[in-house]
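User: Please explain how the descriptive terms applied to this structure are justified, taking each term against its criterion.

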Amino acid sequence: MDARLLERALELAERGRGTTHPNPIVGAVVVAGGEVVGEGWHERKGGAHAEVNALAVAGARARGATVYVTLEPCAHHGDTPPCTDALLEAEVVRVVAGQRDPNPRVEGGGLERLRAGGVEVELAEGDPAFRCRQQIEEWRTWVVERRPFVTFKVAATLDGRVTVPGSRWVTGEESRRLVHLLRARSDAVAVGMGTVRWDNPTLDARDVPVLRQPRRLAFGRGPLPEGSELELRSGPLGEELQALATEDVQSLLLEGGPTLAASFLEQGLVDKLLVFVAPTLSGEGPGLLAGLPSPVRLSRLEARAIGADVLLQGYVHEP
């Protein structure tokens, strides 16, 4: 397997972000004689899938070729015919898939269907496979768990406080802009009623490119302040997330305070943490969390600079 070709398929898949919902983004590359002869991605819901688009570009050169695709080719009839049929008709000889299709509502078996048709198949492993799963982590959680993928975002000082005396902001301008980009990419953004009463946030994405504004939610007991445009969700957290999933909410950016964050974590409803750490010592104020009954272990911990701040990313539940 050439990891560079799978990485190229990942790049192509990103071109469909924002237009395929609720379908996942997928990219595909067709290679023949060591040369890329076709590229494609899933462009919009109801449209052709990535493999079909890439095969159309390759044309007759797809015969005897290898296809790299970020998600196992479908073997079922949905909005479009099975991609496995298109691959077999094109007479490709090998398919490399970045991940299995985890959707329990379809028959799956795309790789088995191809193998039965005489095509050599390979499933990516290690970091390339994780990259493919990570790219559609929201969709994977939505189809498997029937709830949105939840990312808890918080800004904190170096001593773990979420406020700085005398300042409205904890982190710098670059970090705040990234938060607005995260909102623009999320299906929903949420806080708790404590944050609503203290700050009355709007939670919209501002001064960044936006295809559609996220739904803006408040978890907890009302009432909301007069003029608030947030949706109040007062039921048990798990039930509210399941209800949101039925409304095609695949990703939830949780910006709540320490109490709401602890509640989500205690119930196993946080998948990823994003902690923006500012080069400041606050000395006082609330901490990241309002207590947990037991430790929560993170995996895939990463750190990168965002202006003068550092962004820490880790998974509670890996995709």
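Analyst: The following exchange concerns a predicted model and takes up pairing, packing, burial and polar contacts in turn.

User: What makes β1 and β2 a strand pair?

Analyst: Pairing requires at least two bridges found by DSSP. Strand β1 (residues 27-32) is joined to strand β2 (residues 35-41) by 6 bridges, and the two run antiparallel. The criterion of at least two bridges is therefore met. Within this pair, V30 stands opposite G38 in β2. The hairpin of β1 and β2 has 2 residues between the strands, and G33 takes a positive phi near 60° there.

User: How do you know that β3 also pairs with β1, and in which sense?

Analyst: β1 and strand β3 (residues 66-69) share 4 bridges in the antiparallel sense, and the requirement is at least two. The two strands therefore count as paired. A28 stands opposite V69 in β3.

User: Why is the pairing in the sheet called mixed?

Analyst: The open sheet has 5 strands in the order β2-β1-β3-β4-β5. β1 runs antiparallel to β2 and pairs in the antiparallel sense with β3. β3 and strand β4 (residues 94-97), by contrast, pair in the parallel sense over 4 bridges, with T66 opposite R94 in β4. Both senses occur, and the pairing is therefore mixed.

User: What makes β2 and β5 edge strands?

Analyst: β2 and β5 (120-123) each have a single partner strand, so one side of each is left without a neighbour in the sheet. Neighbouring strands of this sheet are turned by 15° against each other on average, direction ignored.

User: Which helices pack on the sheet, and which strands do they touch?

Analyst: α1 packs on the sheet and touches β1, β2 and β3, its direction making about 140° with that of β1. α2 also packs on the sheet, touching β1, β2 and β3, and its direction makes about 140° with that of β2.

User: Why is β1 described as mostly covered?

Analyst: Of the 6 residues of β1, 5 are buried. Buried here means a relative accessible area under 20%.

User: How do you know that A50 is buried, and what is in contact with it?

Analyst: A50 lies in helix α2 (residues 50-58). The relative accessible area of A50 is 0%, and the cut-off is under 20%; A50 therefore counts as buried. Leaving aside neighbours within four places in sequence, A50 is in contact with V26, G27, A28, G40, W41 and H42. The C-alpha atoms of A50 and P73 are separated by 9.1 Å, the two residues being 23 apart along the chain.

User: What makes V208 buried although it is found in a loop?

Analyst: The term rests on accessible area. V208 is found in the loop between α8 (193-199) and β8 (215-219), and its relative accessible area is 12%. That value is under 20%, and V208 is therefore buried. Not counting residues up to four places away in sequence, V208 touches R177, H180, L181 and A184.

User: Why are α5 and α6 called roughly perpendicular?

Analyst: The axes of helix α5 (residues 126-135) and helix α6 (residues 137-145) cross at roughly 70° and come within 4 Å. Angles of 65 to 115 degrees count as roughly perpendicular, and the two helices therefore receive that description. The contact is made by R133, Q134 and Q135 of α5 and E137, E138 and R140 of α6. By class, this contact has no nonpolar, 2 polar and 4 charged residues.

User: Which residues of α5 are buried, and what do they pack against?

Analyst: A129, F130, C132, Q134 and Q135 are buried in α5. The buried residues of α5 pack against α1 (3-13), α6, β12 (299-306) and β13 (309-315).

User: What makes the pair D271 and H317 a polar contact?

Analyst: A polar contact is a suitable pair of N or O atoms within 3.5 Å. The side chains of D271 and H317 are joined at 3.1 Å, inside that limit. The side chain of D271 also reaches the backbone nitrogen of V150 at 2.8 Å. D271 lies in the loop between α10 (258-266) and β11 (272-278). With a relative accessible area of 2% against a cut-off of under 20%, D271 is therefore buried.

Definitions and conventions:
Residues numbered from 1 in each chain as written. Predicted model: local features only at pLDDT ≥ 70, side-chain atom pairs only at ≥ 80, totals over all residues. Heavy atoms only, no water. Axes fitted to C-alpha atoms, helices over the stretch in contact; angles between N-to-C directions. Parallel < 35°, antiparallel > 145°, perpendicular 65-115°, else oblique. Contact = heavy atoms within 4.5 Å. Nonpolar A, V, L, I, M, F, W, Y, C, P; charged D, E, K, R; others polar. Buried < 20%, exposed > 50% of the residue type's maximum accessible area, 1.4 Å probe, protein only. Polar contact = N/O pair within 3.5 Å; in protein donor to acceptor, adjacent residues only side chain to side chain.
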